[in-house]
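Trainee: I would like to take a close look at one part of this model with you. Could you walk me through it slowly and connect it to its surroundings?

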Amino acid sequence: MFQMSKLYHNFHHTKNSVFSFVFLLPLFLLLLLACNGFSVFYINLSVPAKTSPEPAKLLPEILPGDKPVKKLSSSSVMYAVKEENPSLNLKTHLSLIQKPNISMVSKPKKQPHRFRPQTLKALQLRTTKTTKGFTFSTKLRAFFQNSNCKLRFFMTWISSLHSLSHRELLVIESVFKSNPKACLVIVSTSLDSPKGNAVLKPFLNMGFNLITVSPDFDSIFKHTYAETWFNRLKTGNINPGEVSLGQNLSNLLRLVLLYKYGGVYIDTDVIVLKSFNNLSNVIGAQSMNIETKTWSRLNNAVLVFDKHHPLLYKFIQEFALTFDGNKWGHNGPYLVSRVVGRVTNRPGFNFTVLPPPAFYPVDWSRIRSLFREPNNRIQSDWLRRKLEQIRTQSYAVHLWNRQSKDVRVEEGSIVHHIISDCCIFCNISTSSL
């Protein structure tokens, strides 16, 4: 009996031990897991010494995108412009904490695009002085004084002499056909040469006031925002980008020429139809919003401004501060649209925005229609109405050479009629245009 009692007692003790073990086992496993996890996830994180943040950098004024301003009347609308107060963005670059156990190797800084003088040479746009010791400015002043000009026209030709076609010569004819007492300055290295002078000699023989001058950018850009931009370009601190450098230089050159001398700038694919004597401080709208009756884009292919006009100053400033050589039109049509689009009612900024028919009666996407002869009654009626509109409302016609340079002028087309209206020599076959 005693043995049975002892056995029962041992069994009861063993059972209690088993229950205690089962009860404590989860706590033991949880404690073990926590210790193991601490050893696995523990790292020695090296924290860099405290550094002061870099000084805040002030950016140039933020420039809003295109936006319509005021309604255009049936002919033209006078705009007064006022620049909005730009907001300044403060950028503070803070040090980044190093990632653990990863060596941070700083990437080599991207070297700035180095300006190459041969780039300008290839574009026939060397920064050079004119012949016989005369600088660009002295040669131009002498030309204007001796010519007694009623109006000053400016053109730029950035290509080779070989690239000059009958179409560009027709543009020169159109200038003097409608403005016979005007002076025409062609800024070009290739045309300011013995061969170039031979090409243009027929105009001089007719008594027209015409001069070709090689550009001296250092002299032309002096004392303007363009001077700083051009110096930065030469020292490699500005990337010219993928867009033609010659095209962007032409965009800037026209602004500075008008700012310093005043007059009319036209592209070499703009045929002049009327006298510009009554135009002053005007820029043309390329397109309009039909619903709001406001311009949606301006263009810089035709500019008419007085000397030292404040809007030209703003255009030049915008070019220097926001230059982007990788976006087509950013430094040209979009530039003038941006500036005019954000200025309203500022005293002294009086200028006129002319509606599209003034200089751009046909958009670039439909320019080929002006070169085709009508094939049916509907096309004939459209041609007649369009030609009448151009003859009555347009001062000039932009041919958009980028889209039309390979298009043949067909007999009976609108361009064919325009050629007959504005030619002087009139001995060029339309097929050559």
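Trainee: How many salt bridges does a search of the whole structure find? Please start there, and then take me closely through strand E5.

Mentor: Happy to! Keep in mind that this is a predicted model. A search of the whole structure turns up 9 salt bridges. One of them joins Asp218 to Lys234, with the closest N and O atoms 2.8 Å apart. Asp218 belongs to helix H6 (residues 217-220) and Lys234 to helix H7 (residues 225-234), so this pair ties together parts that are 16 residues apart in sequence. Asp218 is partly exposed, its relative accessible area being 35%, and Lys234 is partly exposed as well, at 31%.

Another salt bridge is formed by Asp267 and Arg254, whose closest N and O atoms are 3.4 Å apart. That pair links distant parts of the chain, 13 residues apart: Asp267 sits in the loop between E7 and strand E8 (270-272), and Arg254 in helix H8 (residues 245-261). Here Asp267 and Arg254 are both buried. Asp324 and Lys327 also make a salt bridge, with 3.9 Å between the closest N and O atoms. Lys327 counts as partly exposed, with a relative accessibility of 48%. There is a network too: Glu318, Arg338 and Arg342 are joined by salt bridges that share partners.

Now to the part you asked about. Strand E5 covers residues 183-187, and 5 of its 5 residues are buried, so the rest of the structure largely encloses this strand. In a regular strand, side chains alternate between the two faces of the sheet. For E5, both faces are covered: Cys183, Val185 and Val187 are buried on one side, and Leu184 and Ile186 are buried on the other.

Let's look at the neighbours of E5. Strand E4 (residues 152-156) pairs with E5 in the parallel sense, over 5 bridges. Within that pairing, Thr156 is opposite Val187 of E5. To get from E4 to E5 the chain passes through H4, and this β-α-β crossover is right-handed. Strand E6 (residues 209-213) is also a parallel partner of E5, again with 5 bridges. Val187 stands opposite Val213 in E6. From E5 the chain crosses to E6 through helix H5 (residues 194-205), in a β-α-β crossover that is right-handed.

The connecting helix H4 (residues 166-178) deserves a check of its own. At 1.5 Å a residue, its 13 residues should span 18 Å, and the end C-alpha atoms are 18 Å apart, which agrees. Of those 13 residues, 11 are buried, so H4 is largely enclosed by the rest of the structure. The buried residues of H4 include Leu169, Leu170, Val171, Ile172, Val175 and Phe176, and also charged-type names such as Arg167, Glu168 and Glu173. Ser174 and Ser178 are buried in H4 too.

Elsewhere, strand E10 (residues 294-305) offers another covered strand to set beside E5: 10 of the 12 residues of E10 are buried. Strand E9 (residues 282-289) pairs with E10 in the antiparallel sense over 7 bridges, and Gly284 has Asn299 as its bridge partner in E10. The hairpin of E9 and E10 has 4 residues between the strands, and Lys293 takes a positive phi near 60 degrees there. Strand E7 (residues 263-266) pairs with E10 in the antiparallel sense too, over 4 bridges, with Val304 of E10 as the bridge partner of Val264.

Finally, the aromatic side chains. The structure holds 21 aromatic pairs. In one of them, the ring centres of Phe217 and Phe221 are 5.3 Å apart and the planes are at 40 degrees, so the pair is tilted. Phe217 counts as buried, at 0% relative accessibility, and Phe221 counts as buried at 1%. Ring pairs also link Phe153, Phe276, Phe359, Tyr360, Tyr395 and Trp400 into a cluster. As for a charge over a ring, Arg152 lies over the face of Phe144, at 3.9 Å from the ring centre.

Terms used
Residues are numbered from 1 along each chain as its sequence is written. This is a predicted model: local features need pLDDT of at least 70, side-chain atom pairs count only at pLDDT 80 or more; totals for chains, interfaces and linings use all residues. Side-chain values use heavy atoms; hydrogens and water are left out. Buried means under 20% relative accessible area, exposed over 50%, partly exposed in between (1.4 Å probe, protein chains only). Helices (H or I, at least four residues) and strands (E, at least two) are DSSP runs, numbered from the N terminus. Two strands pair if DSSP finds at least two bridges between them. A salt bridge is a side-chain nitrogen of Lys or Arg within 4 Å of a carboxyl oxygen of Asp or Glu. The expected span of a helix is 1.5 Å times one less than its number of residues. Rings of Phe, Tyr and Trp (its six-membered ring) pair if their centres lie within 6.5 Å; planes under 30 degrees apart count as stacked, over 60 as edge-to-face and the rest as tilted. A charge sits over a ring if NZ of Lys or CZ of Arg is within 6 Å of the ring centre and within 35 degrees of the ring normal. A crossover is right-handed if, with the strands pointing away from the viewer, the path from the first strand over the helix to the second runs clockwise.
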